[in-house]
Amino acid sequence: MRRRDDTLREALLTAARELADSEGIEAVNIRAIAARAGVATGTVYNYFASKEEILLALTEEYWRQTLRELEAAAGGGSFCRWLEETYSFLRERIRQSAGRLMNSLGGVGPQGQARMASMQAALEAMLIRQLRADAGIRRDAWTNEFTQEDFARFLMMNMMMLLRTGAPEPSLLLQIVRRAIY
């Protein structure tokens with residue numbers, strides 16, 4: 001069995017990303033990617049089983065980059081402020097190309113859902129780190145029944161719901177956070 005070339009895989013993803021950016025998600029297909037990358041159509045299938053797998057890889061790559069940028073921008077200070085800025089940051093990303101990519105992932109199946117769940121888990125871990133970094137949170141806020149991990153999961157679920165519905169800001173969620181931990 002021939003070893004896959006990671007450089008060629010990246011070139012195929014670059015070609016797919018360029019097509020999506022210049023002509024829209026609808027223009028992304030195996031033949032167009034192969035033509036843009038200068039390879040045979042069958043070569044694309046050596047790396048990706050379908051268009052959906054390519055779109056999933058693009059979405060995953062996009063969210064990894066977004067989370068890296070979010071992590072780099074994360075500073076000290078109030079968890080509430082960080083949460084509000086994070087929500088605005090993610091909302092803007094979804095309004096840009098992330099939303100189109102995510103909406104194109106209709107048939108990714110359980111494996112694709114698991115890969116996207118790993119992105120949510122990374123964001124949840126970031127929430128926990130930010131909670132732990134906020135010295136202003138009441139010392140008695142956390143108990144065995146009300147842990148930082150559970151609270152981060154609650155926040156994550158609610159932020160995702162708010163982002164899906166296009167809420168302009170998470171004001172009620174921020175009020176809940178303030179009342180619960182400060």
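**Exercise 1. State the order of the elements along the chain, from the N terminus on.**

Solution. Start at the N terminus of this predicted model. The elements run α-α-α-α-α-α-α-α. Now count by type: the chain has eight helices and zero strands. Next, look at the contacts between residues at least 6 apart in sequence. Of these, 73% join residues at least 24 apart.

**Exercise 2. Find which residues touch the most other members of the largest nonpolar core, and which elements supply that core.**

Solution. The core holds 33 residues. Phe79, Leu83, Leu123, Leu127, Leu155, Val177 and Ile181 touch the most other members. Then turn to the elements. Two or more residues each come from helix H4 (51-73), helix H5 (79-103), H6, helix H7 (148-165) and helix H8 (171-181). H7 gives the most, with eight residues. Take Leu155 as a sample. Beyond its neighbours within four places in sequence, Leu155 contacts Phe79, Leu83, Leu127, Leu173 and Val177. A second, separate core has 18 residues, including Ala20, Phe48, Ile54 and Leu58.

**Exercise 3. Decide whether Glu124 is buried or exposed, and list what it touches.**

Solution. First place the residue: Glu124 sits in helix H6 (residues 109-133). Its relative accessible area is 16%. Buried means under 20%. Therefore Glu124 is buried. Now list its contacts, leaving out residues up to four places away in sequence. Glu124 touches Glu149, Ala152, Arg153 and Met156.

**Exercise 4. Give the share of buried residues and the area the chain exposes.**

Solution. The chain has 182 residues, and 39% of them are buried. The exposed area is about 10400 Å². Carbon and sulfur atoms supply 51% of that area.

Note on methods
Residues numbered from 1 in each chain as written. Predicted model: local features only at pLDDT ≥ 70, side-chain atom pairs only at ≥ 80, totals over all residues. Heavy atoms only, no water. Helix = DSSP H or I, 4+ residues; strand = E, 2+ residues; numbered from the N terminus. Buried < 20%, exposed > 50% of the residue type's maximum accessible area, 1.4 Å probe, protein only. Contact = heavy atoms within 4.5 Å. Areas by Shrake-Rupley, 256 points an atom, 1.4 Å probe, with all protein chains shown as cover. Core = buried A, V, L, I, M, F, W, Y, C linked by side-chain atoms within 4.5 Å.
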